[in-house]
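Got your viewer open? Let's take a short walk through this model, one selection at a time.

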Amino acid sequence: MQGKHVLVTGGTGGLGLGVTPEVLRRGAYVTLPYRSRANAERLKSLVSPSELVRLQWVEADLLDEGRVAELVQGMERVDGLIHLMGGFSMGPTPSYSLEQWRQDLDLNLTATFLVCKHVLARMLEQNYGRIVTIASRGAVQPAGQLAAYAASKAGVVAFTKAIAAETKGTNVTANVVLPSVIDTPANRKAMGTENAGEWVKPESLAHTICELASEAAGDIRGAALPIYGNL
Ligand SMILES: NC(=O)c1ccc[n+]([C@@H]2O[C@H](COP(=O)([O-])OP(=O)(O)OC[C@H]3O[C@@H](n4cnc5c(N)ncnc54)[C@H](OP(=O)(O)O)[C@@H]3O)[C@@H](O)[C@H]2O)c1
């Protein structure tokens with residue numbers, strides 16, 4: 001990834017705390033959209049000053065297509081997209097509101113479409129690109145109370161595979177990873193630390209995500225990779 005220009009969405013979130021520093025360690029230039037300044041500061045504290053110079057912060061809501069287009073157009077090149085943005089929700093289906101359902105689909109699936117749409121146009125122009133999206137174990141092993149989340153992440157898997165098919169014959173690839181529970185600060189807060197040792201570490205996911213986003217992974221297309229650790 002040395003010298004590559006990589007867009008990392010959701011790079012200030014819990015998983016981003018492992019992924020964004022790893023992308024920088026591998027020598028890439030990172031464009032990082034964010035909304036919460038507190039989360040941006042949390043990430044900043046993990047990055048060395050010599051690596052911070054390769055990090056470009058852009059305040060942007062990625063559900064706004066105009067902002068997504070501007071963000072992507074503002075990059076010198078777009079060699080990689082690591083699309084971490086997403087979010088978890090749960091609740092029994094009979095009382096799940098249509099509004100919440102739409103928010104879940106927007107956050108997980110529509111944002112994936114918007115970012116990939118604009119990034120793909122640049123990558124196809126360059127005839128080079130690596131796209132890695134994040135679904136979840138729930139996309140392929142859906143559990144009760146998680147219908148909207150599971151459906152939106154299953155959509156991310158299908159969408160990523162469709163892109164992989166669409167880009168066959170080019171030097172653009174797309175793959176999706178399916179984590180189980182990740183050891184993030186939010187999960188520790190929500191579920192306690194008793195079982196945290198079994199959860200997948202952001203640094204471990206970061207390693208695999210960066211391998212898929214690297215030039216060497218040009219023959220891996222349309223993979224949906226389970227990363228469940230010991231769970
Ligand atoms: N945590 C888990 O156990 C787990 C398990 C399986 C899969 N996943 C998936 O892994 C990915 C990362 O999870 P995480 O735990 O790191 O989530 P997280 O801590 O909630 O972080 C979400 C990230 O997405 C960004 N984001 C949300 N809405 C946005 C918007 N409209 N525009 C721009 N940025 C937006 C957030 O930025 P701001 O904070 O600035 O809003 C934040 O950086 C997600 O796709 C999640 O579904 C997580």
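How far does a backbone N or O atom of Gly14 lie from an oxygen atom of the ligand? Select Gly14 and the ligand: the distance is 2.9 Å. That fits a polar contact, a pair of N or O atoms within 3.5 Å.

A word before moving on: this is a predicted model, where local features need pLDDT of at least 70, side-chain atom pairs count only at pLDDT 80 or more, and totals for chains, interfaces and linings use all residues. Residues are numbered from 1 along each chain as its sequence is written, and side-chain values use heavy atoms, with hydrogens and water left out.

Next, click Ser36, where a backbone N or O atom lies 2.6 Å from a ligand oxygen. Then try Leu62: here a backbone N or O atom is 2.9 Å from a nitrogen atom of the ligand. Taken alone, the ligand exposes 900 Å², and the protein buries 86% of that (Shrake-Rupley areas with a 1.4 Å probe).

Now show everything around the ligand, meaning residues with a heavy atom within 4 Å of it. You'll get 28 residues, with Leu15, Arg35, Ser36, Lys153 and Asn187 coming nearest. Colour that shell by type and you'll find 13 nonpolar, 12 polar and three charged residues, with Gly counted as polar and Asp, Glu, Lys and Arg as charged.

Finally, zoom out to the cartoon: there are eight helices (at least four residues) and seven strands (at least two), taken as DSSP runs. The C-alpha atoms fill a box of roughly 45 × 40 × 35 Å along the principal axes.

Notes
Polar contact = N/O pair within 3.5 Å; in protein donor to acceptor, adjacent residues only side chain to side chain.
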